[in-house]
Amino acid sequence: MAAHRFVFLDPDGTAGRWLYVVVTAPTGVHYQQQYGGTSCHQGELQGFLVPVTGPDGLAALRELFERDFRGAGTQHHTWSDGELDRLRDALRGITYWACDGDTEEPHELRLDEDRLAETDEAWVPVLTPDGPGVLVWPNSD
């Protein structure tokens, strides 16, 4: 049996601007991420990493979490309808390219509302064509 591997995303905070989805899958590779703004939570998810694009979506996420929530995280936060709409809209601005080995097709990310309680800055549960995952980007702390 192969050993598990751990990948800490941007461990020293110098990787610049990036945006990934970690899709949940039994790969033996565990991605770790600091999230939650100044709350500095540590998340871990086993799966595979998919680079995604969406500068407008990322800007909207950063505005919501860094400006409106003041970079303090959203643990135990009760989301208003307006905040949820903004979060959903931001995710629609991010393109996930799914590939079956022959054809690549763009898809919008969708908020995984069954896991809404996990949602925080730089850690948003999403649904992709490849299964559930988490959208991650550099934490602001």
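This is a short talk about the fold, the salt bridges and one charged patch of the protein shown above.

Hi everyone, thanks for coming. Before anything else, please keep in mind that this is a predicted model.

Let's start with the overall layout. The protein has two helices and nine strands. If you walk along the sequence, the elements come in the order β-β-β-β-α-α-β-β-β-β-β. So much for the order; now the overall dimensions. Along its principal axes, the C-alpha trace spans about 45 × 30 × 30 Å. For a protein of 141 residues, a compact globule would have a radius of gyration near 14 Å, and ours comes out at 15 Å, which agrees. As for burial, 43% of the 141 residues count as buried.

Now to the part I enjoy most, the salt bridges. How many salt bridges does the count come to? The count comes to 10 salt bridges, and I'd like to take you through a few of them.

Please find E63 and R86 on the screen. These two form a salt bridge, with their closest N and O atoms 3.5 Å apart. E63 sits in helix α1, which covers residues 55-68, while R86 sits in helix α2, residues 81-92, so this pair ties together parts that are 23 residues apart in sequence. How open are these two side chains? E63 is partly exposed, with a relative accessible area of 36%. R86 is partly exposed as well, at 32%.

Stay with R86 for a moment, please. Its side chain also meets that of D68 in a salt bridge, at 2.3 Å from N to O. Here again distant parts of the chain are linked, with D68 in helix α1 and R86 in helix α2, 18 residues apart. D68 is partly exposed, and its relative accessible area is 28%.

Which residues are linked in a network of salt bridges? They are E63, R67, D68 and R86. We have just met E63, D68 and R86 in their pairs, E63 with R86 and D68 with R86.

Next, a pair within a single helix. D85 forms a salt bridge with R88, and the closest N and O atoms are 2.9 Å apart. Why are D85 and R88 separated by about one helical turn? Because they are three residues apart in helix α2. Both ends of this bridge are partly exposed: D85 has a relative accessible area of 40%, and R88 has 22%. With buried meaning under 20%, R88 falls outside that class.

Between the two helices there is a loop, and I'd like to point out S80, which is found in the loop between α1 and α2. S80 counts as partly exposed, at 34% relative accessibility. If you compare its position with that of L61, the two are 19 residues apart in sequence and 16 Å apart in space, C-alpha to C-alpha.

Last stop: charges on the surface. Which residues gather in a patch of negative charge? They are D100, D102, E104 and E105. Let me single out E105, which has its place in strand β6, residues 104-108. E105 is partly exposed, with a relative accessible area of 44%.

To recap, we have seen a network that links E63, R67, D68 and R86 through salt bridges, a bridge between D85 and R88, and a negative patch on the surface that includes E105. Thanks for listening, and I'm happy to go back to any of these on the screen.

Definitions and conventions:
Residues numbered from 1 in each chain as written. Predicted model: local features only at pLDDT ≥ 70, side-chain atom pairs only at ≥ 80, totals over all residues. Heavy atoms only, no water. Patch = residues over 30% accessible without salt bridge, like charges linked within 9 Å, V, L, I, M, F, W, Y side chains within 5 Å. Areas by Shrake-Rupley, 256 points an atom, 1.4 Å probe, with all protein chains shown as cover. Salt bridge = Lys/Arg side-chain N within 4 Å of Asp/Glu carboxyl O. Lys, Arg positive; Asp, Glu negative; His and termini not counted. Charge placed at Lys NZ, Arg CZ, Asp CG, Glu CD. Helix = DSSP H or I, 4+ residues; strand = E, 2+ residues; numbered from the N terminus. Buried < 20%, exposed > 50% of the residue type's maximum accessible area, 1.4 Å probe, protein only. Rg over C-alpha atoms; globule rule 2.2 N^0.38 Å.
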